[in-house]
Amino acid sequence: YKEAAPHLILQAYLQRVINGGGHIHREYATGRGRVDLCVEYLSNKYILELKLYYGDKTLSDGIVQISEYMDKLGENESWLIIFDRKTSKSWEEKIYWKEHIESGKRINIVGL
């Protein structure tokens, strides 16, 4: 399971951030699929989908997937986190934050 380490690191970080004031759900069922992480904090749900970078298709596939989850859960904002493990890329190339609007919904795309 190649995504295990990024999932666990992000989960550990998020657990410290919410610190008992919310819940982190792994593989949160959405009816047709499973969101990698769903953070419930106060009365909000935060959808997070994690991907390992395998090329340009990673981004387009991730946007389609997380858009479907947003529709199922009725949320207007989500985070698509893409881990790039290539050692040939500099940190400046790997780390970024972009916003993508899909059908009026915001997808925050974070490169790590």
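How many salt bridges does the count come to in this chain? The count comes to 6, and several of them are worth a walk through. Keep in mind that what you're looking at is a predicted model.

**The overall picture**

Let's start with the fold. The chain has 3 helices and 6 strands, and reading along the sequence you meet them in the pattern α-β-β-β-α-β-α-β-β. Its radius of gyration is 14 Å, close to the 13 Å that the globule rule gives for 112 residues, so the chain is as compact as a globular protein of that length. Along its principal axes, the C-alpha trace spans about 40 × 35 × 25 Å.

As for what's inside, buried residues make up 40% of the 112 residues. Take the contacts with a sequence separation of 6 or more: 49% of them are between residues 24 or more positions apart. On the outside, the accessible surface comes to about 7,000 Å², and 52% of that belongs to carbon and sulfur atoms.

The chain carries 16 positive and 16 negative charges, and the mean positions of the two sets are 4 Å apart.

**Salt bridges**

Side chains of opposite charge can pair when their charged atoms come close. Here are three such pairs from this model.

| Salt bridge | N to O distance |
|---|---|
| Lysine 51 and glutamate 49 | 3.7 Å |
| Glutamate 77 and arginine 106 | 3.2 Å |
| Lysine 89 and aspartate 84 | 2.7 Å |

Take glutamate 77 and arginine 106, which form a salt bridge. This pair links distant parts of the chain, with glutamate 77 in strand β4 (residues 77-83) and arginine 106 in strand β6 (residues 105-111), 29 residues apart. Glutamate 77 has a relative accessible area of 27%, so it counts as partly exposed. Arginine 106 is partly exposed too, at 31% relative accessibility. There's a third residue to bring in here: Glu99 is linked with Glu77 and Arg106 in a network of salt bridges.

Now for lysine 51 and glutamate 49, whose side chains meet in a salt bridge. Are these residues buried or exposed? Lysine 51 counts as buried because its relative accessibility is 17%, and the cut-off for buried is under 20%. Glutamate 49 is buried as well, with a relative accessible area of 2%.

Lysine 89 and aspartate 84 are a mixed case. Lysine 89 is partly exposed, with a relative accessible area of 25%, whereas aspartate 84 is buried at 10%.

**Around tyrosine 53 and threonine 58**

Which residues does tyrosine 53 touch, not counting those up to four places away in sequence? They are Thr58, Ile82, Phe83, Asp84, Lys86 and Lys89. That list takes in both partners of a salt bridge from the table, Asp84 and Lys89. Tyrosine 53 itself is found in the loop between β3 (44-52) and α2. At 24% relative accessibility, tyrosine 53 counts as partly exposed. From C-alpha to C-alpha, tyrosine 53 and lysine 72 are 25 Å apart in space and 19 residues apart in sequence.

Threonine 58 is found in helix α2 (residues 56-73). Leaving out residues up to four places away in sequence, threonine 58 touches Lys51, Leu52, Tyr53 and Ile82. Lys51 is one you've met already, as the salt-bridge partner of glutamate 49. Ile82 also appears among the contacts of tyrosine 53. Threonine 58 counts as buried because its relative accessibility is 10%.

**Two loop residues with positive phi**

Finally, have a look at leucine 42 and serine 103. Leucine 42 isn't a glycine, yet it has a positive phi of about 55 degrees. Leucine 42 lies in the loop between β2 (34-41) and β3. With a relative accessible area of 71%, leucine 42 is exposed.

Serine 103 likewise has a positive phi, near 55 degrees, in a residue other than glycine. Where does serine 103 lie? You'll find serine 103 in the loop between β5 (96-102) and β6. Serine 103 is exposed, with a relative accessible area of 71%.

Key
Residues are numbered from 1 along each chain as its sequence is written. This is a predicted model: local features need pLDDT of at least 70, side-chain atom pairs count only at pLDDT 80 or more; totals for chains, interfaces and linings use all residues. Side-chain values use heavy atoms; hydrogens and water are left out. Helices (H or I, at least four residues) and strands (E, at least two) are DSSP runs, numbered from the N terminus. The radius of gyration is taken over C-alpha atoms; the globule rule is 2.2 Å times the number of residues to the power 0.38. Buried means under 20% relative accessible area, exposed over 50%, partly exposed in between (1.4 Å probe, protein chains only). Contact means heavy atoms within 4.5 Å. Accessible areas come from the Shrake-Rupley method with a 1.4 Å probe; for residues, only the protein chains shown count as cover. Lys and Arg count as positive and Asp and Glu as negative; His and the chain ends are not counted. The place of a charge is taken as NZ of Lys, CZ of Arg, CG of Asp or CD of Glu. A salt bridge is a side-chain nitrogen of Lys or Arg within 4 Å of a carboxyl oxygen of Asp or Glu.
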